[in-house]
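Welcome! Here are some exercises to help you find your way around a protein you have not met before. Try each task by yourself, then follow the solution step by step.

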Amino acid sequence: MSDLQNLSDEAIASMNDIYVMLAEDSIAYLPYELYSDESRIIEKVNVDGTFAQRFFLNKEGVYPANLMGPAVTKVIPWNIEQAAGNSGINPADTYQPGYFLDLRQLKMSRLNMIQIADTAPAVADTPIPNGALPIATNTFLPVPKDKQSQLKAVPKEANLYVAFFQKPDNTRSSTECYSYCVSYIRAEEINQYIVVPKTPPTHQDISIEHLKTYYGDAQVQAGAINPKDLGSGSTTKHNIEFGSVGAIPATCYVANLRTFKS
């Protein structure tokens with residue numbers, strides 16, 4: 001098996017992982033198995049509409065306005081206060097402000113119009129029945145005016161809240177609701193996953209160079225690259241050189257926290 005094929009297989013296997021671009025030129029790599037671990041789940045809605053756990057989601061099934069749109073944004077102290085009422089616990093003892101990464105917003109759609117060898121067709125996710133969902137009297141939950149100043153502050157630490165579909169590889173309609181989870185990873189844990197360059201360079205090293213150029217220099221906040229868009233038929237020397245940014249770059253989710261500035 002060629003180096004290129006090794007990289008291609010690794011890229012596809014890691015398509016649900018996350019690169020987090022932290023301050024001071026450091027980048028952490030969070031595998032799917034890390035953030036999807038049950039011990040980290042703080043919010044969970046099942047396919048039958050069962051609200052197994054609540055945190056940001058209130059009892060009417062509504063999200064706070066500052067979290068319901070962006071793919072990457074801030075979790076402010078007011079969100080933690082609201083979570084106390086939603087979850088029935090005192091989250092301030094365990095959970096701190098940080099950043100919210102909503103992988104549901106970052107759909108890994110195919111963009112390049114190229115042929116692929118697809119032996120595993122995508123499967124449609126099962127939507128939550130509409131009758132199992134609550135009817136909200138107020139579908140917009142704004143940040144109170146006396147708390148809106150919190151939106152301007154940059155979190156002291158990169159604590160990360162990750163929202164993701166329970167079946168990330170399945171396809172979905174934009175008009176339905178689907179089962180999802182939210183997990184919490186403390187900044188101290190994220191720092192344990194900072195990528196350290198190796199010799200010879202690895203697939204991650206190539207991805208880091210790609211991120212520095214196409215996300216860091218361009219100041220892009222978030223994104224995702226589908227590995228199917230990169231193809232796997234080319235075996236030219238240029239493509240398989242590990243030092244080339246033109247090799248197989250990051251093919252998973254990316255959150256660039258460096259874009260948040262006070």
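The expected span of a helix is 1.5 Å times one less than its number of residues. Keep that rule at hand for the first exercise, and remember that the model is predicted.

**Exercise 1. Find how far helix α5 reaches and how that compares with the expected span.**

Solution.
- Step 1: Locate helix α5, which covers residues 203-216 and has 14 residues.
- Step 2: Apply the rule of 1.5 Å a residue, which gives an expected 20 Å.
- Step 3: Go from the first C-alpha to the last; the helix reaches 18 Å, close to the expected value.
- Step 4: Now look at which of its residues are buried: His203, Asp205, Ile206, Ser207, Ile208, His210, Leu211 and Tyr215.

**Exercise 2. Describe the protein as a whole: how many helices and strands does it have, and what percentage of its residues is buried?**

Solution.
- Step 1: Count the elements; there are six helices and ten strands.
- Step 2: Of the 262 residues, 43% are buried.
- Step 3: Turn to the surface, where about 13,700 Å² is accessible and carbon and sulfur atoms hold 52% of that area.
- Step 4: Check the contacts with a separation of 6 or more: 76% of them join residues 24 or more positions apart.

**Exercise 3. Work out which elements build the largest nonpolar core.**

Solution.
- Step 1: Start from a general idea: in soluble globular proteins, nonpolar side chains tend to be buried together.
- Step 2: Here the largest nonpolar core has 27 residues, and those with the most contacts inside it are Ile18, Leu30, Leu101, Leu103, Leu160 and Leu257.
- Step 3: Two or more residues come from each of β1, β2, α2, β6, β7, β8 and β10.
- Step 4: Strand β7 gives the largest share, three residues.
- Step 5: Zoom in on Ile18; beyond its neighbours within four places in sequence, its contacts include Leu30, Tyr35, Leu101, Leu103, Val162 and Tyr253.
- Step 6: Look for a second, separate core; this one has 20 residues, among them Val75, Phe100, Tyr178 and Val182.

**Exercise 4. Explain why the aromatic pair of Tyr32 and Phe164 ties together parts that are far apart in sequence.**

Solution.
- Step 1: The structure holds 15 aromatic pairs.
- Step 2: In the pair of Tyr32 and Phe164, the rings are 6.3 Å centre to centre with 80° between the planes, so the pair counts as edge-to-face, the class for angles over 60 degrees.
- Step 3: Tyr32 belongs to helix α2 and Phe164 to strand β7, so the pair joins parts 132 residues apart in sequence.
- Step 4: Compare their surroundings: Tyr32 is partly exposed at 22% relative accessible area, whereas Phe164 is buried at 4%.

**Exercise 5. Find the rings that Arg104 lies over.**

Solution.
- Step 1: The charged end of Arg104 sits over the ring of Tyr63, 5.7 Å from its centre.
- Step 2: Arg104 also lies over the face of Tyr180, at 4.3 Å from the ring centre.
- Step 3: Follow Tyr63 onward; ring pairs link it with Phe55, Phe56, Tyr95, Phe100, Tyr161 and Tyr184 into a cluster.

**Exercise 6. Two loop residues: is Thr251 buried or exposed, and what does Pro129 touch?**

Solution.
- Step 1: Thr251 lies in the loop between α6 and β10, and at 1% relative accessibility Thr251 is buried.
- Step 2: Pro129 lies in the loop between β6 and β7 and is partly exposed, at 44% relative accessible area.
- Step 3: Beyond residues up to four places away in sequence, Pro129 touches Val47 and Asp48.

Technical notes: Residues are numbered from 1 along each chain as its sequence is written. This is a predicted model: local features need pLDDT of at least 70, side-chain atom pairs count only at pLDDT 80 or more; totals for chains, interfaces and linings use all residues. Side-chain values use heavy atoms; hydrogens and water are left out. Helices (H or I, at least four residues) and strands (E, at least two) are DSSP runs, numbered from the N terminus. Buried means under 20% relative accessible area, exposed over 50%, partly exposed in between (1.4 Å probe, protein chains only). Contact means heavy atoms within 4.5 Å. Accessible areas come from the Shrake-Rupley method with a 1.4 Å probe; for residues, only the protein chains shown count as cover. A nonpolar core is a set of buried Ala, Val, Leu, Ile, Met, Phe, Trp, Tyr and Cys residues joined through side-chain atoms within 4.5 Å. Rings of Phe, Tyr and Trp (its six-membered ring) pair if their centres lie within 6.5 Å; planes under 30 degrees apart count as stacked, over 60 as edge-to-face and the rest as tilted. A charge sits over a ring if NZ of Lys or CZ of Arg is within 6 Å of the ring centre and within 35 degrees of the ring normal.
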